[in-house]
Amino acid sequence: MPDQNGLQLLPETRRKIEVKVPGENRFIYAGTAVLVLMLVLTGGLYFYKGMLEDTKTGLDAQIINLEKERDKKIEANLLTLSKQLSLISTLLDSHIVWSKALSKIENSLQPQVQFLSFSAAVSDNRFEFKALANNYTVVARQIAALVSDDSIKDIALNNVHVLTNGKLEFSIKLEFDKTKFIKE
């Protein structure tokens, strides 16, 4: 196409014109750097994933070994024992301390009173006893001493009669406050 109807539009020899614009390859270099960085990160993540899978496999093996070493019968027995101990500790924490109750009765007992029989029932919150006394004054002092104790709610004097030897036989029924006898 150099010559059309005698008119030459382009010269026969072509020269390449190079225009240099500063920073024209900057995007190519940045893209290449990002690509290399992404490849390095991907390789690092695959390596890290392999390490984590190896660790997981090792831990699974340890768990399987520990599972084989377990004795499930003993574990069931220990669990049962733990439940029983919790029940027993609850029972012991809320039981009535009879030594404390008997000590209170003993402290309020008059020296001239002699026990014949004694019974107690937690379900009814009561003490009952039969005793001997020298006279009615001793019986009255005994009742007064029992009334002064704040752990005793109610007192009933029953069946007072004179024996042939001159002593009085009487029976007393005490209703006590269970919370005063609970172990602390």
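**Note on the predicted model: sheet, core and aromatic cluster**

1. Asn 125 sits in the loop that joins strand E3 (114-121) to strand E4 (126-133). The model is a predicted one. Asn 125 counts as buried, because its relative accessibility is 17% and the cut-off for burial is under 20%. Apart from neighbours within four places in sequence, Asn 125 touches Leu 174, Glu 175, Phe 176 and Lys 178.

2. The two strands flanking this loop belong to an open sheet of 4 strands, ordered E3-E4-E6-E5 with antiparallel pairing. E3 and strand E5 (152-162) form the edges, each pairing on one side only. On average, neighbouring strands of the sheet are turned by 15 degrees against each other, direction ignored. Between E3 and E4 the antiparallel pairing extends over 7 bridges; Phe 115 has Ala 131 of E4 as its bridge partner.

3. Helix H4 (136-147) lies across E4, E5 and E6, and runs at about 165 degrees to E5.

4. The largest nonpolar core comprises 16 residues, and those with the most contacts inside it are Ile 105, Phe 127, Phe 129, Leu 146, Phe 170, Ile 172 and Leu 174. Helix H3 (98-108), E4, H4 and strand E6 (168-176) each contribute at least two residues to this core. E6 provides the largest share, with 5 residues. In soluble globular proteins, nonpolar side chains tend to be buried together.

5. Leu 146 illustrates the contacts of one core residue. Leaving aside neighbours within four places in sequence, Leu 146 is in contact with Ile 105, Ser 108, Phe 129, Ile 152, Ile 155, Ile 172 and Leu 174.

6. The model contains 4 aromatic pairs. Phe 115 and Phe 118 form a stacked pair, with 5.9 Å between centres and 15 degrees between planes. Both residues are partly exposed, Phe 115 at 33% relative accessible area and Phe 118 at 34%. Phe 115 also pairs with Phe 129: the ring centres are 4.7 Å apart and the planes lie at 35 degrees, so this pair is tilted. The Phe 115 and Phe 129 pair links distant parts of the chain, E3 and E4, across 14 residues. Phe 129 counts as buried, at 2% relative accessibility. One aromatic cluster is formed by Phe 115, Phe 118, Phe 127, Phe 129 and Phe 176.

7. An unreviewed UniProt entry places a "transmembrane region" at residues 27-48. In the model, this stretch is 100% helix and 0% strand, with its end C-alpha atoms 31 Å apart.

Conventions:
Residues numbered from 1 in each chain as written. Predicted model: local features only at pLDDT ≥ 70, side-chain atom pairs only at ≥ 80, totals over all residues. Heavy atoms only, no water. Buried < 20%, exposed > 50% of the residue type's maximum accessible area, 1.4 Å probe, protein only. Contact = heavy atoms within 4.5 Å. Core = buried A, V, L, I, M, F, W, Y, C linked by side-chain atoms within 4.5 Å. UniProt positions renumbered as here; feature names shortened; annotations may be inferred. Pairing = 2+ DSSP bridges. Axes fitted to C-alpha atoms, helices over the stretch in contact; angles between N-to-C directions. Phe/Tyr/Trp six-rings, centres within 6.5 Å; stacked < 30°, edge-to-face > 60°.
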